[in-house]
Amino acid sequence: GDSRALLARASASPNPATQAMQRETLRLVALSVDHAPALREEKERIEACGGTVTRETDALTGDQGPFRVWRKDRQGPGLAMSRSIGDLNAHRIGVSHAPDVKEFKVDASARMILLASDG
């Protein structure tokens with residue numbers, strides 16, 4: 001779903017005029033990637049399990065919505081994510097509950113880890 005993990009790393013650089021260290025700044029490093037239905041690996045898994053990934057177009061405005069996961073008969077579930085915990089209907093058509101697990105080295109420059117989710 002729409003969750004993020006970010007690492008804030010500190011960096012300080014010398015002031016060219018004085019060679020004194022400047023104030024510390026933070027640089028964000030993405031630790032995660034959204035599991036969106038449009039990603040090649042996600043779409044391939046869904047389609048191999050009998051699901052389909054499509055976007056709908058608004059008939060009035062022509063605007064396209066997000067990519068969604070559907071059964072081939074388009075009777076549901078219409079999820080805009082390719083990973084979900086506990087959605088048995090969606091699991092039958094390739095939506096996965098399995099997380100991606102990654103390891104990152106955290107050194108002395110790490111100042112914080114930010115974990116965020118919209119639900």
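Glu24 counts as partly exposed, at 41% relative accessibility, where partly exposed lies between buried (under 20% relative accessible area) and exposed (over 50%), taken with a 1.4 Å probe and protein chains only. The model described here is predicted, so local features need pLDDT of at least 70 and side-chain atom pairs count only at pLDDT 80 or more, while totals for chains, interfaces and linings use all residues. Residues are numbered from 1 along each chain as its sequence is written, and side-chain values use heavy atoms, with hydrogens and water left out.

Glu24 is a good place to begin a tour of the charged pairs. Its side chain forms a salt bridge with Arg111, with the closest N and O atoms 2.8 Å apart; such a bridge is a side-chain nitrogen of Lys or Arg within 4 Å of a carboxyl oxygen of Asp or Glu. Because Glu24 lies in the loop between β1 and β2 and Arg111 in strand β6, the pair ties together parts that are 87 residues apart in sequence. Strands (E, at least two residues) and helices (H or I, at least four) are DSSP runs, numbered from the N terminus. Arg111 is also partly exposed, at 41% relative accessibility.

In the whole structure, 10 salt bridges are found. One of them joins Asp34 to Arg4, the closest N and O atoms being 2.7 Å apart. Asp34 belongs to the loop between β2 and α1 and Arg4 to strand β1, so this pair links parts that are 30 residues apart in sequence. Both ends are partly exposed, with a relative accessible area of 22% for Asp34 and 43% for Arg4.

Arg83 and Asp100 meet in a further salt bridge (3.9 Å, N to O). Arg83 sits in the loop between β5 and α2, and Asp100 in the loop between α2 and β6, so parts 17 residues apart in sequence are tied together. Arg83 is buried, with a relative accessible area of 13%, whereas Asp100 is partly exposed at 46%. Through shared partners, salt bridges join Glu42, Arg45, Arg83 and Asp100 into one network.

Turning to the sheets, one open sheet of three strands has the order β2-β1-β6, with antiparallel pairing; two strands pair if DSSP finds at least two bridges between them. β2 (25–30) and β6 stand at the edges with a single partner strand each, so one side of each is left without a neighbour in the sheet. Strand β1 (residues 3–11) and β6 run antiparallel and are joined by seven bridges; Ser3 has Ser117 in β6 as its bridge partner. Strand β6 (residues 110–117) also holds Ile113, which makes a nonpolar surface patch of about 320 Å² with Val106 and Leu115.

A second open sheet of three strands follows the order β3-β4-β5, again with antiparallel pairing. Here β3 (51–54) and β5 (77–79) are at the edges, each with a single partner strand, so one side of each has no neighbour in the sheet. Four bridges join β3 to the antiparallel strand β4 (residues 68–71), and Gly51 stands opposite Arg71 in β4. Helix α1 (residues 40–48) packs on this sheet, touching β3 and β4, where contact means heavy atoms within 4.5 Å.

Lastly, Gly86 is found in the loop between β5 and α2 (88–91). Gly86 is exposed, with a relative accessible area of 56%.

Conventions: Patch = residues over 30% accessible without salt bridge, like charges linked within 9 Å, V, L, I, M, F, W, Y side chains within 5 Å. Areas by Shrake-Rupley, 256 points an atom, 1.4 Å probe, with all protein chains shown as cover. Axes fitted to C-alpha atoms, helices over the stretch in contact; angles between N-to-C directions.
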